[in-house]
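Colleague: Before planning bench work I would like to go through this model with you. Please take the contacts between the chains, the salt bridges and the nonpolar cores in turn.

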Amino acid sequence: MAAPMSVDQQIKLLEEARRVVLNDPNYYQQIIQGILPLIDPRGKGEPQRDTASKVELQRWGAEFLAETFASPAIPPQQKETLCLTVLEALRSMLDDPNQDNAVVKSVVQTAASIYPLVFRWIINNSYDNQSWERIQAIKTRILQIWDTAAPGTVGPEANAMRGDPMEVSLGMVPPNHSSLIPRNLEAEASGLLDRMLGIFQESISDAVLVDATLNSLAILIRARPQVGNRIINVILNFNPLKQANSPMTPKSRVQIKSMEKTTRLLLVNINKRDPQNPLAGRIQQYVERMMRSRNEIFDEATRKRGPPEPTDGLDAAKRQKLAQMPVPVPRFNVPPLTPGPHTIAELFTISAEKGLESFDVSILPEHIVVQIGITILQKLNADILNQAIEGVRKRYTSMQALQPQQLNPSTFPLGVEEDDDDYDPDFDNAEDTEQILNKLDSAPPPVIEEEMAVKAPDIAPVNYTLPPPPVMTLEEVEQVGQGTVGRVFGVMNTLEEPGKKTKAGLNRLAASSCDRDDWITIITRLATRSVAGLEETDTVKTEPDAVTPFSLSNTIRNSLYLYILEDFRKRIDIAVAWLCEEWYNDKVQMKAGEESVLHYEKWVVKLLDGIIPYLDTRDKVLTRFLSEIPGLSLEVLNKVKELCKDPAMVNLALTSLLYLVLMRPPVREIALDAVEDIWNTYEDAKPIAAKYLTKWRPGFADRLKDKEEEKPATPQGITT
Amino acid sequence: MAQTQPQPANGSGQNVEGPADGGFKLKFCTVCASNNNRSMESHLRLAAANYPVISFGTGSLVRLPGPSITQPNVYQFNKTSYDSMYKELESKDARLYRANGILNMLGRNRDVKWGPERWQDWRVGIPRLEHAKDQGSEGVEGGVVDVVITCEERCWDAVIDDLLNRGSPLNRPVHVINVDIKDNHEEALVGGRGILDLADSLNKAAAEERKLNPVGFDSGSASSRSSFDERVPEIIGEWQERWPNLPAVWTLAWF
């Protein structure tokens with residue numbers, strides 16, 4: 001270093017040196033020796049530089065040391081010898097009270113890395129008091145900085161302190177060691193841990209600190225089980241969402257989200273590593289509760305405008321607020337009605353305000369009315385509602401008491417004119433009815449008019465009867481029927497998928513646990529054991545082309561069919577359950593009556609037709625379906641045979657048939673027939689089919705042999 | 001590229017420009033599931049802006065769309081190059097893979113680095129000198145980064161979980177930020193812009209911290225100045241206001 005170089009030139013040189021060691025860690029010893037004088041703040045043996053350049057060099061050097069002692073590329077033994085040489089430099093860099101932040105950060109990082117190394121060295125070389133004193137001094141200084149420094153630098157320090165005294169097990173210290181006293185170290189470590197965990201109990205949590213600490217705790221919990229539970233308990237009492245009550249700035253939003261997520265991930269990580277730990281249950285609860293609260297806070301805050309939702313009782317913070325301000329319930333007065341006749345509207349009007357009274361609600365679109373209604377019901381104090389209901393009830397009973405007088409036929413005038421109320425349900429309805437009836441030409445209009453004349457003034461609640469419903473056309477019936485079926489299926493989607501199956505045994509009551517399975521049972525029974533009169537009655541066994549009259553059962557069946565096909569792999573259970581019901585119903589019908597229509601066979605074939613095109617070569621669904629449905633016919637087996645047209649499906653079809661042969665003795669013969677047919681018809685299927693037949697069909701092997709002999713003569717010789 | 005003028009060199013006041021000896025630069029790492037679309041788009045962007053950057057995927061395998069949703073093209077991490085994927089898919093069905101943008105993407109990727117790398121297999125702190133040809137490799141020879149940016153919450157979770165399992169052997173803090181990007185080409189482009197903006201904002205703050213003249217620095221007033229680490233939540237908060245469609249999560253973890 002003859003002429004003083006510029007800092008940039010020097011750093012360039014240093015970078016080259018760094019490249020050398022990155023390539024080959026064997027040179028570290030030399031390089032470190034070379035750079036130590038450069039970064040030593042006392043600047044020994046270096047030309048005097050301005051402070052800025054000195055800081056530049058120190059930053060580089062400290063960073064380099066941090067990198068060196070963290071590097072997994074250097075074996076620990078080498079690091080152990082290296083670390084003793086840098087202790088003094090680290091100490092003097094830290095001691096400088098005006099030290100640059102970046103330098104401090106790197107030095108702390110280095111110190112954290114070398115502490116266990118030095119510790120190990122001292123254990124084995126108890127004479128080296130000097131090194132021990134140095135590292136102690138460094139530690140003390142870092143703790144001092146922790147007290148005073150800005151949170152940003154504390155972050156790494158928190159980790160540096162991460163139970164470092166415990167990093168190298170105290171168990172390794174021989175009891176008679178001259179400078180290491182285990183009891184003292186243990187106390188010190190425990191104090192440090194307390195200090196770290198104190199972060200979680202402070203009122204104002206800084207996310208940088210909290211996150212940094214959380215993320216460094218995992219290893220401590222793992223490596224030191226004796227303090228693990230204590231740490232976890234502290235975390236479980238920590239509420240990262242605490243600050244979410246006050247209005248959030250973009251920054252605090254990031255911080256709160258971050259602390260919540262970091263806490264959650266740490267706990268999940270702990271549970272994943274050791275699912276048997278005694279706190280697993282509590283951790284699980286905590287994690288779930290956090291997720292719920294988080295969703296409430298952040299999803300609701302971001303949602304612009306939605307339907308008002310009931311306040312969720314789960315959020316402790318919100319609940320507190322409500323509890324603090326109990327709303328006094330005002331007395332609510334429903335003025336009694338004046339004597340004399342009243343409209344229904346008047347009966348229910350409890351507002352004294354004239355303008356509101358004359359407002360016609362029916363001009364509002366229905367969905368708005370519903371929305372207003374729901375909102376009001378949610379916001380309304382139950383007490384007030386009860387008072388209002390009570391008031392109206394009183395009015396009603398008082399009116400009822402007056403009724404006989406008012407309706408005295410001789411004195412009571414026809415009330416049509418008197419009643420200028422907007423509520424007159426009969427009138428519109430009667431006209432509707434009239435039109436429909438006219439169209440259908442099935443009822444004489446005068447009757448209606450007469451009825452109207454009588455009904456119209458009938459406002460008094462007691463004597464009111466509903467007008468007869470209009471007669472519906474067939475199409476309407478069908479439409480409404482389909483709507484009903486649609487709703488029945490709609491319910492199912494809202495039900496939960498059954499979680500775990502419990503075997504209830506034979507004595508269980510079907511459809512008693514209100515989940516999706518039960519609803520399916522209800523639907524299948526609705527379809528199969530239908531109401532009398534809605535069942536189709538044609539004795540011709542369902543021609544597909546014929547226009548079948550509407551049948552509720554068939555509509556349900558069709559919907560069921562579509563529902564199963566939507567996801568047949570998952571819903572094959574439903575298919576089997578349904579077909580069992582159909583089969584049973586068919587049997588019952590056959591026993592009971594002459595004119596029964598059989599459904600089972602038709603729907604089996606239809607389902608099979610639906611499923612087959614989507615089968616995958618390794619699907620077990622077909623095998624399961626065939627083996628679980630209550631009856632098998634030749635037609636069904638023919639469908640399976642046809643599968644073999646696709647060479648890829650041969651195996652599937654044959655396996656399914658083999659399963660039938662093995663597991664369903666009653667159909668064994670027809671299943672074997674089917675296999676034989678396949679053997680005859682499909683060239684691709686021959687080897688496997690022959691294998692099965694040889695095993696299961698006595699005499700087949702011989703025939704096979706015969707056939708092979710006469711093969712040249714008659715290629716398709718064998719028939720059964 | 002123009003957005004990221006290298007910060008003027010600190011202290012000495014020399015204005016050096018260019019990746020070799022420019023101002024202070026944070027080191028970045030981008031992460032997505034397959035290290036193909038989102039992480040590579042942002043890798044390229046950050047590299048083009050002269051940031052040191054590396055990238056990884058957290059999935060078990062590299063999965064690229066195939067002829068149907070059930071038939072993805074699957075490759076091994078660390079063992080398959082972008083170039084070989086490109087050639088294979090081109091020979092399989094050039095029209096299809098050109099139309100869905102896969103070839104285009106792989107073509108871009110093979111100019112950035114050799115092949116997809118898996119996060120979980122990354123040995124943090126092992127020198128990466130052999131990656132010298134990768135774009136953005138300058139500055140990350142030491143095998144560590146300052147900021148990890150994931151492109152999907154699932155990946156963020158995987159990264160944090162992995163770091164917890166590693167037990168922070170390096171004692172080195174790292175900011176891990178998720179920027180949620182949908183996995184398609186268009187969103188990856190938008191996300192890449194967002195990530196570059198985030199990187200610029202973070203780097204500006206970090207460079208400012210280092211630029212503060214240490215001469216007049218009085219340790220007594222340390223608490224009055226905010227350090228870079230401390231400013232990160234604020235920077236992300238501000239960034240989130242600018243990019244409301246890329247929801248972000250952040251934490252400070254350890255290598």
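Modeller: What follows is a set of questions and answers on a predicted model.

Colleague: What is the area buried between chain A and chain B?
Modeller: The size of an interface is often given as the accessible area lost when the parts come together. In this model 59 residues of chain A are in contact with 52 residues of chain B. Carbon and sulfur atoms give 54% of the area buried between the two chains. That buried area is about 4800 Å².

Colleague: How many residue pairs are in polar contact across the interface of chain A and chain B, and which helix gives the largest share of the side of chain A that touches chain B?
Modeller: The rule finds 17 residue pairs in polar contact across the interface, both residues being at pLDDT 80 or more. On the chain A side, α1 (7-23), α3 (51-70), α5 (101-124), α7 (151-160), α10 and α12 (250-273) each supply at least two residues. The largest share, 13 residues, comes from α12(A).

Colleague: How many charged residues are on the side of chain A that touches chain B?
Modeller: Sorted by class, the side of chain A that touches chain B has 22 nonpolar and 18 polar residues. Its charged residues number 19.

Colleague: How many salt bridges are there between chain A and chain B?
Modeller: Over all chains the count comes to 39 salt bridges. Between chain A and chain B the count is 5.

Colleague: Why does the salt bridge of R19(A) and E141(B) join two chains, and is E141(B) buried or exposed?
Modeller: The closest N and O atoms of R19(A) and E141(B) are 2.9 Å apart. R19(A) lies in helix α1 of chain A and E141(B) in the loop between α3 (102-112) and β5 (147-150) of chain B, so the pair joins two chains. R19(A) has a relative accessible area of 38% and is partly exposed. At 10% relative accessibility, against a cut-off of under 20%, E141(B) counts as buried.

Colleague: Which residue of chain B meets K105(A) in a salt bridge?
Modeller: K105(A) lies in helix α5 of chain A and its partner in helix α6 (residues 228-242) of chain B, so this pair also joins two chains. K105(A) is partly exposed, at 25% relative accessible area, while the partner, at 3%, counts as buried. The side chains meet at 2.9 Å, N to O, and the partner is D229(B).

Colleague: How many residues apart are D194(A) and R230(A)?
Modeller: The side chains of D194(A) and R230(A) meet in a salt bridge of 2.2 Å, N to O. D194(A) is partly exposed at 42% relative accessibility, and R230(A) is partly exposed at 32%. The pair links helix α9 (residues 182-201) with helix α11 (residues 225-236) of chain A, and its members are 36 residues apart.

Colleague: Which arginine is linked with E669(A), D673(A) and E676(A)?
Modeller: These three residues belong to a network of salt bridges. The arginine in that network is R697(A).

Colleague: Which helix gives the most to the largest nonpolar core?
Modeller: The largest nonpolar core has 96 residues, and those with the most contacts inside it include L217(A), F28(B) and W119(B). F28(B) touches, among others, L46(B), Y51(B), V145(B) and L202(B). With 10 residues, the helix that gives the most to this core is α10 (residues 207-223) of chain A.

Colleague: How many residues are in the other core, which holds I629(A) and F700(A)?
Modeller: This core lies apart from the largest one, and L632(A) and L652(A) are also among its residues. Its count is 61 residues.

Technical notes. Residues numbered from 1 in each chain as written. Chains lettered and ligands numbered in written order. Predicted model: local features only at pLDDT ≥ 70, side-chain atom pairs only at ≥ 80, totals over all residues. Heavy atoms only, no water. Core = buried A, V, L, I, M, F, W, Y, C linked by side-chain atoms within 4.5 Å. Buried < 20%, exposed > 50% of the residue type's maximum accessible area, 1.4 Å probe, protein only. Helix = DSSP H or I, 4+ residues; strand = E, 2+ residues; numbered from the N terminus. Contact = heavy atoms within 4.5 Å. Buried area = accessible area lost by both parts, 1.4 Å probe. Salt bridge = Lys/Arg side-chain N within 4 Å of Asp/Glu carboxyl O. Polar contact = N/O pair within 3.5 Å; in protein donor to acceptor, adjacent residues only side chain to side chain. Nonpolar A, V, L, I, M, F, W, Y, C, P; charged D, E, K, R; others polar. Lists of a residue's contacts leave out its neighbours within four places in sequence.
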